[in-house]
Amino acid sequence: MAVFEYAPAPESRSIVDIAPSYGLFVDGEFVDGSGEPMKTVNPATEEVLSEVAVGTEADVDRAVKAARRAFTRVWGPMRPADRGKYLFRIARLLQERAREFAVLESLDNGKPIRESRDVDVPLAAAHFFYHAGWADKLAHAGLGPDPRPLGVAGQVIPWNFPLLMLAWKIAPALATGNTVVLKPAETTPLTALLFAEVCRQADLPPGVVNIVTGAGETGRAVVEHADVDKVAFTGSTEVGRSIARAVAGTRKKLTLELGGKAANIVFDDAPIDQAVEGIVQGIFFNQGHVCCAGSRLLVQENVHDEVIAALQRRIGTLRVGDPLDKNTDIGAINSAEQLARIRELSDVGEAEGATRWQPACELPDRGFWFPPTVFTDVSPAHRIARDEVFGPVLSVLTFRTPDEAVAKANNTTYGLSAGIWSEKGSRILAIADRLRAGVVWANTFNQFDPTSPFGGYKQSGYGREGGRHGLAAYLMGADSE
Amino acid sequence: MISNERLTVRKTYKLYLGGAFPRSESGRTYEVTDARGAFLANAARASRKDARDAVVAARAAFGKWSAATAYNRGQVLYRVAEVMEGRHAQFCEEVAAGEGLSTGRARAAVDAAIDRWVWYAGWTDKLAAVLGSANPVAGPYFDFSLPEPTGVVAVLAPQRSSLLGLVSVLAPVVASGNTAVVVTSHERPLPAVTLGEVLATSDVPGGVVNLLTGDAAELGPWLAEHDDVDAIDLTGAPPERAMEFEREAAGSIKRVLRPPAGGEPDWTADPGLTRMRTFLETKTVWHPKGF
């Protein structure tokens, strides 16, 4: 029942200058890759944005050698305060070029400009700013008196928050004195390559940051390279398993940030309108391409109908479409492959007996799109209640007592995040204690901050990113395991 | 000829599982000898089924043990040290026989083991302060991080140091609120069985610690691949099998403590926090601030 129609409010893409092709960033230079180059497309239009080099084992080897050299000769011996200053420079450069990064991210990933502009890019800059300050204070981090860097970190990141995940990986690695070889996701390499340019503008010594683009094989080469001391991976639990197997028996230190199937628990005393905003933020933020997405709504039975009615009303106002439009709430699904998976799991949801609801919404003709979707009548055994969909698909289950809520919330092999909605403080704290999840959002959801440790329990992985805890992943010393 | 000397009552060495002392369900035992090869006892040889039963017991005990107040856990663990002290002579005898140590060196090892247990007992109510944090996020939120136990931890105990080594790997697991399934030293299991008797009389709830005498090479793979085991300490794994166990552990994304490079360490050294950190998760909780 819109009173006024929205006028289009497109962000201009003229601020970005995408080259027709990109090489690998190794030892401070852009170089050709040895593999067959790949194309990266705008998922909202299927337009090819650029052609990007693919790194082979030999390319990865060159990058690791450059990183090792930089570690031994420059970055390792450097005064910690100077390492920090480089990171401060990078943080400032990201802020100066924020709009450019935001537009490029939305083009390559499909996420709404509102999110890339207000979340991804500012948080990425904040991560560098935060970690910059740690560089010369590591002895005070509670990790022993003399924590030392590990050496060369091999890092593999996903496509859902391309620049932000890069920042989560590179900032702590550099602050603790390591050098890095980073492989961006196959479908979203462009902001990482623009970041390489930022490294050059910051005069970061060559080899400290190396960016090797490619697909799974390139990532495998990074993980399995014998001269890598540290492996950090964010992505699916399935790939996480194979990485844990690959590093078994080596001295490589490993951190994994994997999948999730978070419960978002709504008690009957919760302020329903606020909870509905939180539910929407929890599952539709970034098209649901979020490992900590609140994909299982657990709602107390006596308010189920009220919550679902309010939720459907709210979802009806979400705007799905052009990621560069400043009014867009839900952008494009990142790839055809991901869209196929979301469709498949949604079809399974219906086939297994759950009830699908989607608002009336027009989707663009070209590109990869999936409307916001709510499944009710979901049972805990359904695949849409167990498997990570990684899309804008919410499964609704009910509970009667707090004990049942906790049991259902913990009934998953994952343990990354959870949400609690209630006005009662004692209940929130008691439930938070009993949830087996690394991040618990009470009366909020999907909040992130560089000072706040993030990471999973159980099969959602191990190690933390952010805060004092995140530093331990990149240091050795008496107390840094 | 009839001697006037009293004939001693010998102990049957059994498993410690779920707070009870069963034989192996397999009915198997193996001969334990002293360092010179003389017969000491027939120890139970735990089977795959025993290991799985122990995991069930450890899982059942986890809820209460992990939710006990840190002060309570500290007192229970301190009580363990008190009862160990009362068994000092017995531990010395078993350590001396099994490890082939002089009386003086065996006593030093037992002293250190009891003191190590006291050290860990004192950690229970400091961990949250030392490892937790209040996080100054850029927004109107109260945001804090606390350590929480990982869950059920399988421990392949050191093969050489039968009591000090055992305590050094077990105490950090339970002090931080986890429950444990321990495979003891294969050749030197007797002090572990006695420690089980100490635990059973020290207010440690049944199932919190389960001690399996037997062979880490045999039981290691089952524990490494078990989906209800959250973490595994490979300290006592056969060196040539550790990589295989770590690969098995990847199936359920277990936390893995690798065997120390260069073999069994000097257990008398300051242990630091590494072992406790390995078996702790960090939970971060956010709540908005507002009127």
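In which sense do E1(A) and strand E5 of chain A pair, and over how many bridges? The views below start from that pairing, in a model that is predicted.

**View 1. Strands E1 and E5 of chain A side by side.** Here E1(A) meets E5(A), which spans residues 47-52, in the parallel sense, and two bridges join them. To find one of the contacts between the strands, look for A:Ser21, whose bridge partner in E5(A) is A:Glu51.

**View 2. An open sheet of three strands in chain A.** Step back a little and the order E1-E5-E4 appears, with mixed pairing. E1 (21-22) and E4 (38-42) of chain A are the edge strands; each has a single partner strand, so one side of each has no neighbour in the sheet.

**View 3. Helices H3 and H6 of chain A with the sheet.** Helix H3 of chain A, residues 98-109, packs on the sheet and touches E4 and E5 of chain A. The direction of H3 makes about 105° with that of E4(A). Helix H6 of chain A, residues 190-201, lies across E1, E4 and E5 of chain A and runs at about 50° to E5(A).

**View 4. A close look at A:Asn42 in strand E4 of chain A.** Is this residue, A:Asn42, buried or exposed? A:Asn42 is buried, because its relative accessible area is 5%, below the 20% cut-off. Beyond its neighbours within four places in sequence, A:Asn42 is in contact with A:Glu47, A:Leu49 and A:Leu107.

**View 5. Residues 25-256 of chain B.** An unreviewed UniProt entry places the feature "domain: Aldehyde dehydrogenase" on this span. Its end C-alpha atoms lie 28 Å apart, and the span is 49% helix and 18% strand.

Notes:
Residues are numbered from 1 along each chain as its sequence is written. Chains are lettered from A and ligands numbered from 1 in the order in which they are written. This is a predicted model: local features need pLDDT of at least 70, side-chain atom pairs count only at pLDDT 80 or more; totals for chains, interfaces and linings use all residues. Side-chain values use heavy atoms; hydrogens and water are left out. UniProt positions are given in the numbering used here, feature names are shortened, and annotations may be inferred rather than shown by experiment. Helices (H or I, at least four residues) and strands (E, at least two) are DSSP runs, numbered from the N terminus. Two strands pair if DSSP finds at least two bridges between them. Contact means heavy atoms within 4.5 Å. Axes are lines fitted to C-alpha atoms, for helices over the stretch in contact, and angles run from 0 to 180 degrees between N-to-C directions. Buried means under 20% relative accessible area, exposed over 50%, partly exposed in between (1.4 Å probe, protein chains only).
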